[in-house]
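Please work through the exercises below with the sequence and the model side by side. Each one sets a task and then solves it step by step.

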Amino acid sequence: MPVSFTRLDPSGDDHDALVEFMTRNEFPFHVHPRRSAAEVDAAIDKGAYRDEDNDSFWVDHRDLGRLGVLRLEDLSDDAPLFDLRLDTPFRGRGLGVDVLQAVTDHVFATMPTVKRFEGQTREDNIAMRRTFMRCGWLKEAHYREGWPVDGGTPLASVAYGILRRDWETGETTTFDWDDLPA
Ligand SMILES: CC(C)(COP(=O)(O)OP(=O)(O)OC[C@H]1O[C@@H](n2cnc3c(N)ncnc32)[C@H](O)[C@@H]1OP(=O)(O)O)[C@@H](O)C(=O)NCCC(=O)NCCS
């Protein structure tokens, strides 16, 4: 696997590089596409990058170097979520598939109590949605108008998930959306 993770020390050695990464890049499909250094600092202080619920990692590639940042959330539940942000020059090259596969391996291999792993994205983040599908994640919810858009109409938030047993077998199990007759 060409992708690996290096745990970040957000308020220590990695602080300046993390702030630089988060302020240099634009994230058009996030609630806040641009972040100031003060906002990133506030998030670090609140524990968004490391506390009992959150952890964060540099995403590294064997041949390409540092690709971006991964944040895991809800770690005190047994169904964590993630936020993945590739550096702009590494987007649009299909690297998200290798990264999401490596993230999924990391979570299930290192967290034995985790039975499901979840992710959400905005409905028009086609690159992320295709990446979920390519990695065998299943669409589980479509929250209409669930994603606030600054100065605009809210968009849908689309939720995907993968089960430990699907990761183990490589088979995506599904369910019946219309299980209750009208
Ligand atoms: C989202 C992200 C991880 C996706 O990884 P990526 O490697 O850049 O993904 P790509 O742009 O190569 O696109 C993946 C697939 O979607 C397709 N795609 C991308 N944009 C598309 C569009 N607008 N319309 C149709 N297809 C599109 C690509 O053609 C590719 O298709 P394939 O699987 O058939 O090859 C990465 O772009 C990123 O970090 N973006 C910024 C942060 C972000 O939005 N993170 C998601 C929040 S969790």
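**Exercise 1: a loop aspartate**

Task: decide whether aspartate 87 is buried or exposed, and find where it lies and what it touches.

Solution: In this predicted model, aspartate 87 has a relative accessible area of 10%. The limit for a buried residue is under 20%, so aspartate 87 counts as buried. As for its place, aspartate 87 belongs to the loop between S4 and helix H3 (95-110). When neighbours within four places in sequence are left aside, its contacts are Phe21, Arg24, Asn25, Leu67 and Gly68.

**Exercise 2: another residue of that loop**

Task: describe the surroundings and the exposure of arginine 91.

Solution: Arginine 91 is located in the loop between S4 and H3, and with 30% relative accessibility it is classed as partly exposed. Setting aside neighbours within four places in sequence, arginine 91 is in contact with Asn25, Glu26, Phe27, Pro28 and Leu86. Its C-alpha atom is 19 Å from that of methionine 1, and the two residues are 90 residues apart along the chain.

**Exercise 3: the faces of a helix**

Task: list the buried residues of helix H1 (residues 15-24) and explain why they line one face.

Solution: Begin with the list, which consists of His15, Leu18, Val19, Phe21 and Met22. Looking down the axis of H1, one finds these buried residues within an arc of 160 degrees, and therefore they line one face of the helix. The last step is to ask what they meet: the buried residues of H1 pack against helix H2 (37-45), strand S2 (55-61), strand S3 (65-73) and strand S4 (81-86).

**Exercise 4: cores**

Task: find which residues of the largest nonpolar core touch the most other members, and which elements supply the core.

Solution: This core has 29 residues, and those touching the most other members are Leu72, Phe82, Phe117 and Trp137. At least two residues of this core come from each of strand S1 (3-7), S2, S3, S4, H3, helix H4 (126-134) and strand S7 (155-163), and H3 contributes the most, with eight residues. Tryptophan 137 can then be examined by itself: beyond residues up to four places away in sequence, its contacts include Phe82, Leu100, Phe117, Phe132, Tyr160 and Ile162. Another core, of eleven residues, lies apart from the largest one, and among its members are Val19, Phe21, Met22 and Val40.

**Exercise 5: the ligand**

Task: identify which residues come nearest to the ligand, and which polar atoms face its oxygen atoms.

Solution: There are 17 residues around the ligand, of which Leu84, Leu86, Gly94, Gly96 and Arg134 come nearest. A backbone N or O atom of leucine 86 is 2.7 Å from an oxygen atom of the ligand, and a backbone N or O atom of glycine 94 is likewise 2.7 Å from a ligand oxygen atom. From the side chain of arginine 130, an N or O atom lies 3.0 Å from an oxygen atom of the ligand. The ligand taken alone exposes 950 Å², and the protein buries 70% of that.

**Exercise 6: positive phi**

Task: describe where aspartate 74 and glutamate 145 are found, and give their phi values.

Solution: Most residues other than glycine have a negative phi. Aspartate 74, in the loop between S3 and S4, has a positive phi of about 60 degrees, and at 30% relative accessibility it is partly exposed. Glutamate 145, in strand S6 (residues 138-147), has a positive phi near 55 degrees, and at 58% relative accessibility it is exposed.

Technical notes
Residues numbered from 1 in each chain as written. Predicted model: local features only at pLDDT ≥ 70, side-chain atom pairs only at ≥ 80, totals over all residues. Heavy atoms only, no water. Buried < 20%, exposed > 50% of the residue type's maximum accessible area, 1.4 Å probe, protein only. Helix = DSSP H or I, 4+ residues; strand = E, 2+ residues; numbered from the N terminus. Arc of directions from axis to C-beta. Contact = heavy atoms within 4.5 Å. Near = heavy atom within 4 Å. Polar contact = N/O pair within 3.5 Å; in protein donor to acceptor, adjacent residues only side chain to side chain. Areas by Shrake-Rupley, 256 points an atom, 1.4 Å probe, with all protein chains shown as cover. Core = buried A, V, L, I, M, F, W, Y, C linked by side-chain atoms within 4.5 Å.
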